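Me: Hi! Could you walk me through this model, starting with how the chain is organised?

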Amino acid sequence: MLAGELGPVRKLALEHQIKVGDFFGAVDFVRVTQAHIMADTESLGEAGVAWLEMLASLPSKERRVRIPTITDPRGTDFEKSAELKQAPWMVELERRAIAAFVKLGVLMTDTCINYQTVLPATRGEHVAFGDTGVVIYSNSICGARSNFEGGPSALSAGLSGRTPRYGFHLDGARRATLAIRIDWVPRSLDEWGALGGVVGKLAGNYWAVPVIEGLEAAPGSDALKHFGAAMASFGSVALFHIVGVTPEAARFEDVADRGLPLHRVGEADVRKLCASYRQDDGVDVVVFSAPQLSLMELAHLAELCEGKRFVVPLLAVTSPQVKPDAQRMGFIERIESAGGSVLAGMCFYQSYAREMAEANGWKRLATNSAKLVNILGGYGYRPMLASMEACVDAAQTGKLA
């Protein structure tokens, strides 16, 4: 590959990976079984899409990925782009990026919850995943091995079938560096996300690995999804362990040495984080996104929408794999009959969030996603964190109780 015998695309990919590996001190490569690419067009821009099109213009046998390679959410839901008031140029750039990816052999799964809907990685499986929520869930809950792979790195892994062996591909990096004692168990997904945010802020950097004690029962997949996604967002954390729950931590001693720095986290810490986002009670838009909603989340949302009529927009974002099932089961109809809108294959903050705010007059946003409130301040919003129930009520009244 490096000699160019398998074409210029693979040569370019391997050269990129060697630079990454050298930077992080990798000794060699490890074969990976899957790759997951973050490449929304807001990040790619015109130059990034043109680069993909250049790669896609080369002969098929030289350009196609060698392992299953899937995509993170895209920048729009084509069926809803007019409703979101996205500009035509945004939609066209998205179509061009998709066409290039298809020529490269990439599977357009358009999801950040592939661990729930596509093909979960298994314990010890080396993968090259991009989305931070995907990586932390796959590393922690599934026991797989991945670093945060930037877009070009994930595509390179798809083309070469390998990734540099550093970081969380190594046993040593997976040992815990701090201990967290949880004195209170969340009940709702927003609370799980806020708890993840508190832990993420305590950890504070990519190489930190928290080991958590004190949870009396195993949380469900959606709870851990929000917990991990927020931890990755607030602290850049890529791996955590929960004693007696996650696969590598049957006992504390499996992942850590006694004597680690210990932090206690309780309900007051979570409430403090939630309160820090309550600057107002008026709501311009309600968004359920980041991560995309599971079928169970949509089922619950549909129940909450029964008999209601919304006065402000309510957007629920799910994956292309989940939406058809939700449609078949009547969840979409119930949500949209109340005035909500169910979108698929996109993520709110990766879909020109600032431009959507300006076009629609949105400023005050309510959500049950701790990850989303952590991100959207940078796009000019005043985000507020609340339960799904409270957010649905806010869509009906225009105020967050």
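Reply: Happy to; domains come first, then the sheets and a pair of helices. This is a predicted model, where local features need pLDDT of at least 70, side-chain atom pairs count only at pLDDT 80 or more, and totals for chains, interfaces and linings use all residues. Residues are numbered from 1 along each chain as its sequence is written, and side-chain values use heavy atoms, with hydrogens and water left out.

Me: Cool. Into which domains is the chain divided?
Reply: Domain 1 covers 8-169, domain 2 covers 174-274 and domain 3 covers 277-397. Those bounds come from an automatic or database domain assignment.

Me: What separates the centres of domain 2 and domain 3?
Reply: 26 Å, taken over C-alpha atoms. Their contact (heavy atoms within 4.5 Å) takes 13 residues from domain 2 and 17 residues from domain 3.

Me: On to sheets. What order does the open sheet of five strands have?
Reply: The order is 11-10-9-12-13, with parallel pairing. Strands here are DSSP E runs of at least two residues, helices are H or I runs of at least four, and both are numbered from the N terminus. Two strands pair if DSSP finds at least two bridges between them.

Me: Which strands stand at the edges there?
Reply: Strand 11 (341-344) and strand 13 (382-385) do; each has a single partner strand, so one side of each lacks a neighbour in the sheet. From one strand to the next, the twist averages 25°.

Me: How many bridges join strand 10 and strand 11?
Reply: Four, in the parallel sense, with strand 10 spanning residues 314-318. Threonine 318 has alanine 344 in strand 11 as its bridge partner.

Me: And the open sheet of four strands, what's its order?
Reply: That order is 7-6-5-8, again a sheet with parallel pairing. Helix 8 (residues 189-203) packs on this sheet, touching strand 5 (178-182), strand 6 and strand 8.

Me: Switching topic: at what angle do helix 2 and helix 4 pack?
Reply: Helix 2 (residues 41-56) and helix 4 (residues 88-103) pack at about 40°, with axes 9 Å apart. That makes helix 2 oblique to helix 4. Angles run from 0 to 180 degrees between N-to-C directions, and axes are lines fitted to C-alpha atoms, for helices over the stretch in contact. Under 35 degrees counts as roughly parallel, over 145 as roughly antiparallel, 65 to 115 as roughly perpendicular and the rest as oblique.

Me: Which residues meet?
Reply: Among them are Leu44, Val49 and Leu52 in helix 2, and Leu93, Ala97 and Phe101 in helix 4.
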